[in-house]
Amino acid sequence: MAGTVTTEIKKSIAYVTLNRPEQLNSLNRTVLEDLMSAVRECDQHPQVRVVVLTGAGEKAFCAGADIKAMNDMDFAGADEFSRLGHQCMSAIENVGKPVIGMVNGFALGGGFELALACDFLYAADTAQLGLPETKIGLFPGFGGTQRLLRLVGPARAMELIFSGRKLKAPVAYEWGIVNKVVAKAELGAAVEATAQELAANAPVAIQCAKRVMLKGQEMGLTAGLAFERETFPICFATQDSKEGFKAFIEGRPAVFQGK
């Protein structure tokens with residue numbers, strides 16, 4: 001019997017899928033723990049160069065936290081649940097490989113927060129994204145207030161969170177939340193094409209670039225530039241860099257080993 005999260009590796013691409021379609025892939029403690037384990041295993045897997053995160057079924061990427069499970073929580077339970085959610089989103093964000101969110105349906109509440117933890121998003125034209133927590137007396141508790149704020153700016157983030165509205169995928173694209181919107185039937189192929197493109201590039205270079213960009217968001221410009229300068233020669237000294245230079249000079253495709 002499949003678990004709440006499944007992982008399928010196709011060549012160098014790992015497809016991590018929330019597997020509760022009858023519950024619209026909603027998040028409870030077990031799902032968060034299983035998802036965290038899955039992405040960490042992908043991060044350590046030598047064959048995996050790109051991670052694709054999506055949801056099972058036709059309706060939802062992830063419809064949010066499991067409200068029925070939350071209904072019985074007390075203060076301590078809510079604190080632990082939020083802490084676990086933050087740990088899971090941070091685990092996704094800090095994978096040293098590209099993480100593409102394939103938003104195949106509703107991405108609401110914790111599901112939208114999950115999407116925001118990915119490096120970038122491709123969405124079906126029928127998808128909707130939103131943070132409706134204020135409609136049930138809460139606010140986003142898995143990092144959504146902070147990641148959305150940094151992505152779209154305070155005015156749009158506050159409007160979306162305060163109103164609890166849903167954004168259709170084309171509007172999310174206009175806001176810079178989603179990188180690409182395609183017909184639902186074409187979503188898998190579009191994500192796979194980009195994943196293969198990324199997988200062909202130097203893994204260590206991508207890891208370094210991702211680390212520099214994520215850390216740079218937490219720094220001022222001067223400190224971020226200094227961190228970039230410090231990291232550049234480390235990347236330059238890798239075997240992948242040497243292979244890249246050699247392949248360029250010889251006029252052939254580079255074969256990177258991730259070293």
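This briefing covers two helices, a buried strand, the cysteines and the aromatic pairs of one structure. The model is predicted. Helix α10 spans residues 221-236, and strand β7 spans residues 120-124. A search of the whole structure finds four aromatic pairs, while the count of disulfides comes to zero.

**Helix α10**

- Helix α10 has 16 residues and reaches 23 Å from its first C-alpha to its last, close to the 22 Å expected at 1.5 Å a residue.
- Gly224, Phe227, Thr231 and Cys235 are the buried residues of α10.
- These buried residues cover an arc of only 70 degrees around the axis, which puts them on the same side of α10.
- Thr222, Arg229 and Phe232 are exposed on the other side of α10.
- The cover over the buried residues of α10 includes α9 (203-217) and α11 (239-250).

**Helix α11**

- The 12 residues of α11 should span 16 Å at 1.5 Å a residue, and the end C-alpha atoms are 16 Å apart, which agrees.
- The residues Asp240, Ser241, Glu243 and Ala247 of α11 are buried.
- Seen down the axis of α11, the buried residues fall within an arc of 160 degrees, so they line one face of the helix.
- Lys242 and Ile249 are exposed on the other side of α11.
- Both α9 and α10 are packed against by the buried residues of α11.
- Gly251, just after α11, takes a positive phi of about 70 degrees.

**Strand β7 and its partners**

- Five of the five residues of β7 are buried, so this strand is largely enclosed by the rest of the structure.
- Phe120, Tyr122 and Ala124 are buried on one side of β7, and Leu121 and Ala123 are buried on the other, so that both faces are covered.
- Strand β5 (residues 99-103) runs parallel to β7 and is joined to it by four bridges.
- In this pairing, Gly101 stands opposite Leu121 of β7.
- Strand β10 (residues 180-182) also runs parallel to β7, with three bridges between them.
- Val182 in β10 is the bridge partner of Ala124.

**Cysteines**

- The structure has zero disulfides, counting pairs of cysteine sulfur atoms within 2.5 Å.
- Cys88 is in no disulfide, and the nearest cysteine sulfur, that of Cys62, is 9.7 Å away.
- Cys88 counts as buried because its relative accessibility is 0%.
- Cys208 is in no disulfide either, and the nearest cysteine sulfur, that of Cys235, is 4.4 Å away.
- Cys208 is buried, with a relative accessible area of 8%.
- Cys235 is among the buried residues of α10.

**Aromatic pairs**

- Of the four aromatic pairs found, two are described here.
- Phe120 and Tyr122 form a tilted pair, 5.9 Å centre to centre and with 50 degrees between the planes.
- Phe120 and Tyr122 are both buried, and both belong to the same side of β7.
- Phe232 and Phe236 form another tilted pair, 6.4 Å centre to centre and with 35 degrees between the planes.
- Both Phe232 and Phe236 lie in α10, four residues apart, which is about one turn of the helix.
- Phe232 is exposed, with a relative accessible area of 58%, and Phe236 is partly exposed at 46%.
- Phe232, Phe236 and Phe245 are linked into a cluster by ring pairs.

Definitions and conventions:
Residues are numbered from 1 along each chain as its sequence is written. This is a predicted model: local features need pLDDT of at least 70, side-chain atom pairs count only at pLDDT 80 or more; totals for chains, interfaces and linings use all residues. Side-chain values use heavy atoms; hydrogens and water are left out. Helices (H or I, at least four residues) and strands (E, at least two) are DSSP runs, numbered from the N terminus. The expected span of a helix is 1.5 Å times one less than its number of residues. Buried means under 20% relative accessible area, exposed over 50%, partly exposed in between (1.4 Å probe, protein chains only). The arc is that of the directions from the helix axis to the C-beta atoms. Contact means heavy atoms within 4.5 Å. Two strands pair if DSSP finds at least two bridges between them. Rings of Phe, Tyr and Trp (its six-membered ring) pair if their centres lie within 6.5 Å; planes under 30 degrees apart count as stacked, over 60 as edge-to-face and the rest as tilted.
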